[in-house]
Amino acid sequence: MKIAIVCYPTFGGSGVVATELGIALANRGHEIHFITYKQPVRLALLSENIHFHEVNVPEYPLFHYQPYELALSSKLVDMVKLHKIDLLHVHYAIPHAYAGYMAKKMLAEEGISIPMVTTLHGTDITLVGSHPFYKPAVTFSINKSDVVTSVSESLKQDTLRLFDIKRDIDVVPNFIDVTKYDHGFTDCQRSMMAHEEEKIITHISNFRKVKRISDVIKIFYEIQKEIPAKLMMVGEGPEKEPAELLCEQLGIANKVIFFGNSNEIEKILCFSDLFLLPSETESFGLAALEAMISSVPVISSNTGGIPEVNKHGVSGYLSEVGDVQDMSRNAIKILKDDKELHKFKAAAQQQALQFDINKIVPLYEAIYQKAFEMA
Ligand code: GMT
């Protein structure tokens, strides 16, 4: 099948999922065309089966806002015709589902019928999409997609609650390529990051408000009072600077390392002992899954789709959003006893195996078949 994948090419979870899905589909013999404004960060190599088409938005001084949706839908029309693409799979409703639907209608005018699958990822529904300024367009493009998937049952319920949806939504969870985390390297170079007696705590995100970055720092502050530890902060975003300031105010700046964005997530997780994800809301929590497959237990909030991934008392612990004290207590409980830590590490990896890419990608292939029947 020839599939066009539309996504954000940056470090966000939706772009990561779209890219990994495209690579996996290409390995299964499909021809994949990524259509976005930059080559996706997790797409290292193009190949016979993996193509990238850049969407250019020419600057025009009259426009206060450059019309990306227009450029994207035009590019989709051109690429579908040029490469005889069979199906559009758009990730993140805004503005991709809207632009995809316009492309579909333009192609229909020329007698070309193409099914469109929309995958909802989270903030496109829970934060941005439900804003009154976007809501009618998001509702419309969800209702007009041939098949809609959401990355968790929780996100499906949020979508049905927040929008006037007149159709089914299929749940297809995020997934993990187990082989990527099956390290060829046995030495995680832990000693470069921490002394032997220190535990390594990690947080990875795009440092947006929704991630409650100050909770991450406060939880670590409590942990390091009882257990020698270092905190690895991976990612970039608006909350990074305030977080650095908070570390200085709390006198722990020498114990916290800010990495910025990284393409070496597997290596960082390889030497981590515990992962913190205290988000306000999280449709799935791909970062938690990446930690778990690396045998890193997760201390998280009990919100959105996280409980579908992180099992309380098994792969980590869940607490109410903002309950820093409970999260700190749970973290210390896991970290202070090596036997307990090992038990949680093994269980975290076991739980993550449920989301093995080889189980999930066939679900998307079945979704594509369904889209052809619906179109
Ligand atoms: O805020 C992020 O984590 C980025 C965001 C995105 O769309 O790029 O991630 C969302 O999609 C991921 C992949 O499906 C999910 O695993 C994340 O939980 C979700 N983020 C939120 O819901 C906040």
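The following conversation goes through some helix contacts, enclosed spaces and backbone features of a predicted model.

Student: What makes α8 and α13 oblique to each other?

Tutor: Helix α8, residues 213-226, and helix α13, residues 324-335, pack at an angle of about 45°, with their axes 9 Å apart. Angles under 35 degrees count as roughly parallel and 65 to 115 as roughly perpendicular, and because about 45° falls in neither range, α8 and α13 are called oblique to each other. The way in which α8 passes α13 is a right-handed crossing.

Student: Which residues make that contact between α8 and α13?

Tutor: From α8 come Asp215, Lys218, Ile219, Glu222, Ile223 and Glu226, while α13 brings Val324, Gln325, Met327, Ser328, Ala331, Ile332 and Leu335. Sorted by class, the contact of α8 with α13 has 7 nonpolar, 2 polar and 4 charged residues.

Student: Why is the pair α13 and α14 described with another word, roughly perpendicular?

Tutor: The axes of α13 and helix α14, residues 338-352, come within 6 Å and cross at roughly 105°. Since 65 to 115 degrees counts as roughly perpendicular, and the crossing lies in that range, α13 and α14 are therefore roughly perpendicular to each other. Lys333, Ile334 and Leu335 of α13 meet Glu340, Leu341 and Phe344 of α14, and by class this contact has 4 nonpolar, no polar and 2 charged residues.

Student: How do you know that α8 is roughly parallel to α9?

Tutor: Helix α8 and helix α9, residues 240-250, pack at an angle of about 25°, and their axes are 9 Å apart. The cut-off for roughly parallel is an angle under 35 degrees, so the value for this pair makes α8 roughly parallel to α9. In this pair, too, the crossing of α8 past α9 is right-handed.

Student: What classes of residue are found in the contact of α8 with α9?

Tutor: The residues of α8 in this contact are Ile213, Ser214, Ile217 and Tyr221, and they meet Ala243, Leu246, Cys247 and Leu250 in α9. The contact of α8 with α9 has 7 nonpolar, 1 polar and no charged residues. Ser214 is the polar one, because the nonpolar class includes Ala, Leu, Ile, Tyr and Cys, whereas Ser is in neither the nonpolar nor the charged list.

Student: Why is one space called a cavity and another a pocket?

Tutor: A cavity is a set of points where a 1.4 Å probe fits but cannot get out, so the word stands for an enclosed space, whereas a pocket is an open set. The count here comes to 1 cavity of 30 Å³ or more, and about 90 Å³ of space lies in the largest cavity. For the second largest pocket, the volume is about 400 Å³.

Student: Which elements line the largest cavity?

Tutor: Its lining residues include Val16, Val17, Glu20, Arg42, Phe175, Asp177, Lys180, Leu286 and Ile357. The elements that give two or more residues are α1 (13-27), α7 (178-181) and α11 (286-293), and α1 gives the most, with 3 residues. By class, the lining of the largest cavity has 7 nonpolar, no polar and 5 charged residues.

Student: What makes up the lining of the second largest pocket?

Tutor: The residues of that lining divide into 7 nonpolar, 4 polar and 7 charged. The elements α1, α7 and α15 (357-374) each supply at least two residues, and the largest share, 4 residues, comes from α1.

Student: Where is the cis peptide bond, and what is its omega?

Tutor: The cis peptide bond joins Ile94 and Pro95, with omega at about -15°. Pro95 lies in helix α3, residues 93-109.

Student: What is notable about phi of Phe207?

Tutor: Phi of Phe207 is near 50°, which is a positive value in a residue other than glycine. Phe207 is placed in the loop between β8 (199-204) and α8.

Student: Which residues does Glu320 touch, not counting residues up to four places away in sequence?

Tutor: On that basis, Glu320 touches Asn302 and Met327. Glu320 is in the loop between β13 (316-319) and α13, and Met327 is also one of the α13 residues in the contact with α8. The C-alpha atoms of Glu320 and Ser47, which are 273 residues apart along the chain, are separated by 45 Å.

Methods:
Residues numbered from 1 in each chain as written. Predicted model: local features only at pLDDT ≥ 70, side-chain atom pairs only at ≥ 80, totals over all residues. Heavy atoms only, no water. Axes fitted to C-alpha atoms, helices over the stretch in contact; angles between N-to-C directions. Parallel < 35°, antiparallel > 145°, perpendicular 65-115°, else oblique. Left-handed = near helix turned anticlockwise from the far one by under 90°. Contact = heavy atoms within 4.5 Å. 1 Å grid on protein atoms, 1.4 Å probe; cavity = no way out; pocket = protein on both sides within 12 Å on 5 of 7 lines; lining within 4 Å. Points joined across faces, edges and corners; volume = space filled by probe spheres on them.
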